[in-house]
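Work through the exercises below with the sequence and the 3D view at hand. Each task is followed by its solution.

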Amino acid sequence: MTDVWDILANPAFWVAVLRIATPLLLGTLGVLLCERSGVLNLGIEGIMVAGAFTGWLAVYQGLPLWGGVAVAALTGAVLGLLHAFLTVALALSQHVSGLGITLLATSLSYYGYRVSFPKVNTPPTITPFAEMLWLPIPILGQQTPLTLLALLLVPLIGYGLYRTPAGLALRMVGENPQAAEGQGVSVAVTRTSAIVAGSALMGVAGSFLTLSAFNAFFFNMVNGRGWICVALVVFASWRPGKALLGALLFAFFDALQLRLQQSGAAVLPYQLYLMLPYLLSILALVAVARNAAYPQALMKPYRKGER
Amino acid sequence: MRLEKRTTTSRLAMVLAPAGAVAFTLAISSLLVLWAGAPVSRTYALLLQGGFGSVFALSETFTRAIPLIFTGLAAAVAFRARLFNIGAEGQLYAGALAAVAVGGLHGGTGWEISPWVLMPLMLLAAALAGALLLLGPALLKARLGVDEVVTTLLMNFIVLLGVSWLLDGAMKDPTALGWPQSVALQDALQLDKLVAQTRVHTGLLLALACALGLWVLLKFTVLGFDIRAVGANAKAAEFAGVGVTRTTVLVALLSGGLAGLAGAIEVAGRTAYVTLDMSPGYGYTGIVIAMLAATHPLGVVLASVFVAGVLVGADTMSRALGVPTYIADVIVATSLIAVLVATLLTQYRVRWAK
């Protein structure tokens, strides 16, 4: 147990927690926006890969770092628009469309990487975001601006969802699209905007991996983080504040298992520690299952004039 | 724009829809081939030739299609009952491990039983392993309403880590050097080749039998009717006296079992032992195949051969022209989306006016 206390007493551990939480938080907020409007977006895994790739490629080609983030957001938005076209305009199965987009976005990114760099053994690198050492706050000061952006988005999205007419419209089409349409809210336009915005956030979540956490693009670098976000949003009961809590909690255990492995205090094989985050996600889903306040219209396609 | 249900679907639309989907897919992938700086027509020619153009190409395509038929059927039967089993990848590995556990050499059970007994035992164990893996998510869905998509997806990562752990320890082949691999399957349990000097094996016959069996089950039996009823409208099915939980559980056992068989047949027919890279995502590709086939069991066979041909052909083409093999995945993903849209357009018409 002393080992665990040593780990927790080290500020570097908490720096790692916040760093691991950042892409999860951005992705979870993205899923939250989509699902609050009533649309599941399983494209997240692929959109994160595409955001990681295009954001990194843009910076590699000479764009500034924030330009790369913008490119990643744009990539996410375009893929989101495709998902919206398939699930909102055409009312196709949200599961299948999302999985299709994950496959498409992932394979396009890998294809693009191989075409751009046919014969490299070590991945080319960029200079990633620097830590905000000018910030006089202990743990936050050792993060990059993208983490700050993610944290600021939490109250911003909370305010937008609960305090603005657009947020009300978004929640309405996710709960009762017929009633919303009756109030003059266009379900198609609202859902499409929500999916595009949410997918842009997923793209940014991916770009954090290549522009901040690492400095290069690798195959399999997203490695299921997108799916974890889909689980986290259920755990967070579709609330931005709880999404932050969930992402931090998750990152805490992920960082802890990493440290336990490194410190040699690990008594179990490393694979069992790596399983923890996934097991935890499933447990979280089961724990909140009874009280989960799913948006009432989630996964229900809406066709105007059809019941 | 809005969609209006068609009362009838014209013959023309039924022909035009798939043709349009293929044309769209070819157009998108042509752009990508041009980006890679390769000649488009030659790329497609080599791809077709590499996938279907010779006895060897066909044998490789059918070899690749075997696990895809199993995982495709696994996804198809589950989707029929609206059970979204995305965990076939993990179930495949569980089946492969179970097969080696029953029929492995030293370190396996080492049972000295006639292969005629051991073979069915091995297949049963593999199917059971896959089925049990899906039972948890299915029960969680039926009892607590936990979304099975996320749980089955996350299970894939857990199972793969578990396989990695077992290959490091309990099931490691002590004599193998290099990458971790499990102990090998007994020679007597390895499947015969269908055609001499190729890799295509008798697992293909079992795969076809499963497809035929599933088709019969869905079309002609009470369980098949229940599955279709639960898929069409679970509430109405419950009201009509169909046990929804019971049907969901049975479908989970069937779907997980088929995915588990995919793993056992791969081990018995091709690899002889379990490695961490024995499946390049067959479980996920199976979902695409089920959708391409509109969840029809016999369609799954055709879709598997198509997808396998593209994958095998892309390998050959890539070696010759340097176009990355990922083009195959792009083609498969694009065709999935195109087919979904095309199918919808045969059922609905688009009205642009208010």
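**Exercise 1. Compare the expected span of helix 3 of chain B with the distance between its end C-alpha atoms.**

Solution. Helices (H or I, at least four residues) and strands (E, at least two) are DSSP runs, numbered from the N terminus. Helix 3 covers residues 55–80 of chain B, 26 residues. The expected span is 1.5 Å times one less than the number of residues, so helix 3 of chain B should span 38 Å. Its end C-alpha atoms are 35 Å apart, which agrees.

This is a predicted model: local features need pLDDT of at least 70, side-chain atom pairs count only at pLDDT 80 or more, and totals for chains, interfaces and linings use all residues. Residues are numbered from 1 along each chain as its sequence is written, while chains are lettered from A and ligands numbered from 1 in the order in which they are written.

**Exercise 2. Find where helix 3 of chain B bends, and state how many of its residues are buried.**

Solution. The bend is the angle between axes fitted to the seven residues ending at a residue and the seven starting there. At B:I66 the bend is about 30°. A proline, B:P67, follows within four residues. Of the 26 residues, 21 are buried (20 or more other C-beta atoms within 10 Å of the residue's own, C-beta atoms being placed from the backbone). After the helix comes B:R82, with a positive phi near 60°.

**Exercise 3. Describe how helix 3 of chain B packs against helix 10 (residues 244–271) of chain B.**

Solution. The angle is about 170°, and the axes are 7 Å apart. The two helices are therefore roughly antiparallel (an angle over 145 degrees). Contact residues (C-beta atoms within 7 Å) include B:I66, B:P67 and B:F70 of helix 3 and B:L254, B:L258 and B:I265 of helix 10. By class, the contact has 14 nonpolar, 4 polar and 2 charged residues (Ala, Val, Leu, Ile, Met, Phe, Trp, Tyr, Cys and Pro are nonpolar, Asp, Glu, Lys and Arg charged, and the others, Gly among them, polar).

**Exercise 4. Which element gives the largest share of the side of chain B that touches chain A?**

Solution. The contact takes 40 residues from chain B and 38 from chain A. Elements of chain B that give two or more residues include strand 1 (2–5), helix 1 (11–35) and helix 6 (148–168). Helix 6 of chain B gives the largest share, 12 residues. The side of chain B has 30 nonpolar, 7 polar and 3 charged residues.

Conventions
Buried ≥ 20, exposed ≤ 12 C-beta atoms within 10 Å, placed from the backbone. Axes fitted to C-alpha atoms, helices over the stretch in contact; angles between N-to-C directions. Parallel < 35°, antiparallel > 145°, perpendicular 65-115°, else oblique. Contact = placed C-beta atoms within 7 Å.
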